[in-house]
Amino acid sequence: MSEAKIQIKNLYKIFGKNPRGAMEHVKNGVGKDELLEKHNHVLGLKDINLDIQAKSVQVVMGLSGSGKSTLIRHINRLIEPTDGSVTVDGDEVLKMNEEELRNFRRSKTAMVFQRFALLPHKTVLQNTIFGLHIQNISEEDANKSARRWIERVGLSGYENKYPQHLSGGMQQRVGLARALTNDGDILLMDEAFSALDPLIRKDMQDILLELQDELHKTVVFITHDLDEALKIGDRIAILKDGIMDQEGIPAEILLNPKTKYVKDFVEDVNRARVIKAKHIMSEINGQDLSGAMPIDQDDFIDRFIDKVISDKPDNLVIQDKDKKNVGFLSTKKLSEILKR
Ligand SMILES: Nc1ncnc2c1ncn2[C@@H]1O[C@H](COP(=O)(O)OP(=O)(O)O)[C@@H](O)[C@H]1O
Ligand SMILES: [Mg+2]
């Protein structure tokens, strides 16, 4: 596999007077609660290892206080780690000097926060380009680019309106338009949709997925909501008390939760809605495919389960988009997966 776009290695973050000293306790197995009670330090992150592939959406999920913001802020070095390394495109972020870091942040990353603080006396258009350092392009081009993204996030006609005229959801769209106008290939989203009402939130998720289909950014998306994680994420990392409990594709997390914490998270999920045929197929390996029902590898179980129930095939043959056979799934295994 090619080298990951973002590589996080053995990352530790401890808050307090003597983080290095406290790290020894952490390495010896002292957990978050004990570290605070006995040693008066806060465990932010312990030994985090995460490879984030280019053009993928990496979700980081966990309850409040689990270390999600601390982790994402290491990627553009808004936080200095106690120990460990963060590389982006092979460059060690921690070795950059001030100017390199400034350039890196401007040219490669854009951040969207939970609440995008719009400047009240600037219009939507002005807010979208405010503070963006758009290298080597004229103001006219910057405006043009901003207008394009404002349109793409569904705010056409609002370019010259002031924030007081916008709902929370619309303000968050401005935040997204701004991040896209910034044009970096890494999008860092820290609970960007968490404060929105459910319907508006769903709209924003759809907009993000639609844009991602076309833009193929490397997105790090933080949420405490499993449904959102499953919908948005190519992969999901689950944090608990500063420790990464599990990391994998959504189906893996659902089917093989490694800890009780993860199990509790995924317990009530409707598997058929989040598992695709390709996640559960096995190799064809000379299986008899006569009478097998063809299924698109990218279809969620939800999409084909009714047909399986009515036609009662013994086996399914999984196909890619060119109808080439790529995998095998017995109806028996399918029902076991749904029963679990
Ligand atoms: N500057 C800081 N000083 C001390 N503790 C902090 C600081 N920032 C975060 N923490 C602590 O680190 C832990 C992880 O916080 P955070 O990354 O904000 O969690 P999340 O984003 O998952 O809610 C929490 O226990 C929090 O209280
Ligand atoms: Mg947070």
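Okay, quick ground rule before I start: when I say helix, I mean a DSSP run of H or I at least four residues long, a strand is a run of E of at least two, and both are numbered from the N terminus. Also, keep in mind that this is a predicted model.

So, the overall picture. We have a protein chain of 340 residues, and 37% of them count as buried. The C-alpha trace spans about 65 × 55 × 35 Å along its principal axes. DSSP-wise, the chain comes to 15 helices and 13 strands. And if you take the contacts with a separation of 6 or more, 65% of them are between residues 24 or more positions apart.

Let me go to the ligand. Which element gives the most to the shell around ligand 1? That's H3, with three residues. H3 covers 68-75, and together with strand E2, at 42-52, it's on the list of elements that each supply at least two shell residues. If you want to select the shell in your viewer, here's the full set: Phe15, Val42, Gly44, Gly62, Ser64, Gly65, Ser66, Gly67, Lys68, Ser69 and Thr70. By class, that shell breaks down as eight polar, two nonpolar and one charged.

Two of those names, Phe15 and Val42, come back right away in the next bit. Strand E1, residues 6-15, pairs with E2 in the antiparallel sense, over seven bridges, and phenylalanine 15 stands opposite valine 42 in E2. Those are both residues around ligand 1.

Zooming out a bit, E1 and E2 belong to an open sheet of four strands, antiparallel in its pairing, in the order E2-E1-E4-E5. At the edges you've got E2 and strand E5, residues 91-92, each pairing on one side only. Then there's helix H1, residues 19-27, which packs on that sheet and touches E1, E2 and strand E4, at 83-88. The direction of H1 makes about 105 degrees with that of E1.

Now for some parallel pairing. Which strands pair with E8, residues 218-223? One of them is E7, with five bridges, running parallel. Strand E3, residues 57-61, also runs parallel to E8, again joined by five bridges. For the register, leucine 187 has valine 219 in E8 as its bridge partner, and leucine 188 has valine 220. From the E3 end, methionine 61 stands opposite threonine 223 in E8.

Is E8 mostly covered or mostly open? Mostly covered: six of its six residues are buried. And that goes for both faces, with Thr218, Val220 and Ile222 on one side and Val219, Phe221 and Thr223 on the other.

E7, residues 186-190, is mostly covered as well, with four of its five residues buried. E7 also pairs in the parallel sense with strand E6, residues 109-112, over four bridges. There, methionine 111 stands opposite leucine 188 in E7, so to speak the residue we just met as the partner of valine 220.

One residue I'd like to stop at is isoleucine 129, which is found in helix H5, residues 124-129. Why does isoleucine 129 count as buried? Because it has 20 C-beta neighbours inside 10 Å; the cut-off for buried is 20 or more. Leaving out residues up to four places away in sequence, isoleucine 129 touches Ala142, Asn143, Ala146 and Thr181. The C-alpha atoms of isoleucine 129 and glutamate 139, ten residues apart along the chain, are separated by 9.4 Å.

Last topic, the domains. The chain is divided into domain 1, which is 54-67 + 99-269, and domain 2, which is 274-339. Their C-alpha centres lie 34 Å apart. How many residues do they put in contact? Seven from domain 1 and six from domain 2. On the domain 1 side, the largest share, four residues, comes from helix H10, residues 250-255. And the class count there is easy to remember: seven nonpolar, no polar and no charged residues.

That's my tour, thanks.

How values were computed. Residues numbered from 1 in each chain as written. Chains lettered and ligands numbered in written order. Predicted model: local features only at pLDDT ≥ 70, side-chain atom pairs only at ≥ 80, totals over all residues. Domains from an automatic or database assignment. Contact = placed C-beta atoms within 7 Å. Nonpolar A, V, L, I, M, F, W, Y, C, P; charged D, E, K, R; others polar. Near = placed C-beta within 6 Å. Pairing = 2+ DSSP bridges. Axes fitted to C-alpha atoms, helices over the stretch in contact; angles between N-to-C directions. Buried ≥ 20, exposed ≤ 12 C-beta atoms within 10 Å, placed from the backbone.
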